[in-house]
Amino acid sequence: MHRDRYRCFAELAARHVEGRDFRITVLRRGSGVAIVAPHAGRIERGTSEVACAIAGDDFDLYLFEGCLPALNFETLHLTSRHFDEAQALSLIGDSERVVAVHGVADTGERALIGGRDRVLACAIADQLHLRGVRAHTTGHRYPGLDPLNLCNRGRSGAGVQLELSDRLRGGRSEPDVIAAVRAALMDAP
């Protein structure tokens, strides 16, 4: 189990330089839906690209991207419960729905879906299954149910945590994952 080097964003920011060690991107489109990748760039490979593609030109986007030459995960990873960067919380606080895109070290080709928004989580899983991508909404190690989890800090208090295996990020099924999440969001009431 990985242990974060820092307990909160302020501790991380006191030791690292924005623009050199990490980069923050915030795109507000007034959609009420925030797509966030708090472990993007070199922290969890491929999550920047997946989050950007899910957001497209429709949804709000937040990226925290590691830019260190090495050891980004070990150095810059803040667990979702402790991820309290102000711009992220501001964007999410203005959003009714939140989908957090993560990478999980998994040799299979599957999505582990958690979070307190069970309706959206199941809708995403259904869309993934329709496209031949394995998805699990229960029985995995990333339930994402903590109210302090970044995905659950939007206006509704319930979001989705989408953990994508290594082979889904940048692999042949990545376009199916993006299409599935977008379809579920577009169909959401």
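Which residues of α6 are buried? In this predicted model, the buried residues of the helix are Glu 174, Val 177, Ile 178, Ala 180, Val 181, Arg 182, Ala 183, Ala 184 and Leu 185. They pack against the strands β2, β4 and β7 and against the helices α2 and α5 (118-130). Helix α6 has 14 residues, and its first and last C-alpha atoms are 20 Å apart, close to the 20 Å expected at 1.5 Å a residue. The helix lies across β2, β4 and β7, and its direction runs at about 165° to β4.

## The sheet

The sheet is open and has 7 strands, in the order β1-β3-β2-β4-β7-β5-β6, with mixed pairing. Its edge strands are β1 and β6 (134-136), each of which pairs on one side only. From one strand to the next the twist averages 15°.

Strand β2 is largely enclosed by the rest of the structure, because 8 of its 9 residues are buried. β2 pairs with β4 in the parallel sense, and β2 and β3 also run parallel. A further parallel pairing joins β4 to β7. The bridge counts of these pairings are set out below.

| Strand pair | Sense | Bridges |
|---|---|---|
| β2 and β3 | parallel | 6 bridges |
| β2 and β4 | parallel | 4 bridges |
| β4 and β7 | parallel | 6 bridges |

Individual residues can be placed within these pairings. Val 36 has Tyr 62 in β3 as its bridge partner. Ala 34 has Val 98 in β4 as its bridge partner. Ala 100 stands opposite Gln 161 in β7.

## Helices against the sheet

Helix α4 (residues 86-93) packs on the sheet and touches β1, β2, β3 and β4. Its direction makes about 160° with that of β3.

Helix α2 spans residues 47-55, and its buried residues are Thr 47, Ser 48, Val 50, Ala 51, Ile 54 and Ala 55. These buried residues pack against β2 (33-41), β3, β4 (97-104), β7 (160-165) and α6 (174-187). Contact with α2 also appears from the side of α6, whose buried residues pack against α2. Just after α2, Gly 56 takes a positive phi of about 50°.

Leu 130 is placed in helix α5. With a relative accessibility of 69%, Leu 130 counts as exposed, because the cut-off for that class is over 50%. The C-alpha atoms of Leu 130 and Asp 176 are 9.4 Å apart in space, while the two residues are 46 residues apart in sequence.

## Aromatic pairs

How many aromatic pairs does a search of the whole structure find? The search finds 6. In one of them, Phe 9 and Phe 22 meet edge-to-face, with 5.8 Å centre to centre and 85° between the planes. Phe 9 lies in helix α1 (residues 9-15) and Phe 22 in strand β1 (residues 22-27), so this pair ties together parts that are 13 residues apart in sequence. Both Phe 9 and Phe 22 are buried.

Phe 22 forms an aromatic pair with Phe 64 as well, and this one is tilted: the centres are 5.1 Å apart and the planes 35° apart. The pair of Phe 22 and Phe 64 links distant parts of the chain, with Phe 22 in β1 and Phe 64 in strand β3 (residues 60-66), 42 residues apart. Phe 64 is buried, as is Phe 22.

Ring pairs link Phe 9, Phe 22, Tyr 62, Phe 64 and Phe 83 into a cluster. Tyr 62, one of the residues in this cluster, is also the β3 bridge partner of Val 36.

## Cysteines

The count of disulfides comes to 0. Cys 8 is in no disulfide, and the nearest cysteine sulfur to it, that of Cys 151, is 20 Å away. For Cys 67, likewise in no disulfide, the nearest cysteine sulfur is that of Cys 52, 13 Å away. The cut-off for a disulfide is a pair of cysteine sulfur atoms within 2.5 Å.

Technical notes: Residues are numbered from 1 along each chain as its sequence is written. This is a predicted model: local features need pLDDT of at least 70, side-chain atom pairs count only at pLDDT 80 or more; totals for chains, interfaces and linings use all residues. Side-chain values use heavy atoms; hydrogens and water are left out. Rings of Phe, Tyr and Trp (its six-membered ring) pair if their centres lie within 6.5 Å; planes under 30 degrees apart count as stacked, over 60 as edge-to-face and the rest as tilted. Helices (H or I, at least four residues) and strands (E, at least two) are DSSP runs, numbered from the N terminus. Buried means under 20% relative accessible area, exposed over 50%, partly exposed in between (1.4 Å probe, protein chains only). Contact means heavy atoms within 4.5 Å. Two strands pair if DSSP finds at least two bridges between them. Axes are lines fitted to C-alpha atoms, for helices over the stretch in contact, and angles run from 0 to 180 degrees between N-to-C directions. The expected span of a helix is 1.5 Å times one less than its number of residues.
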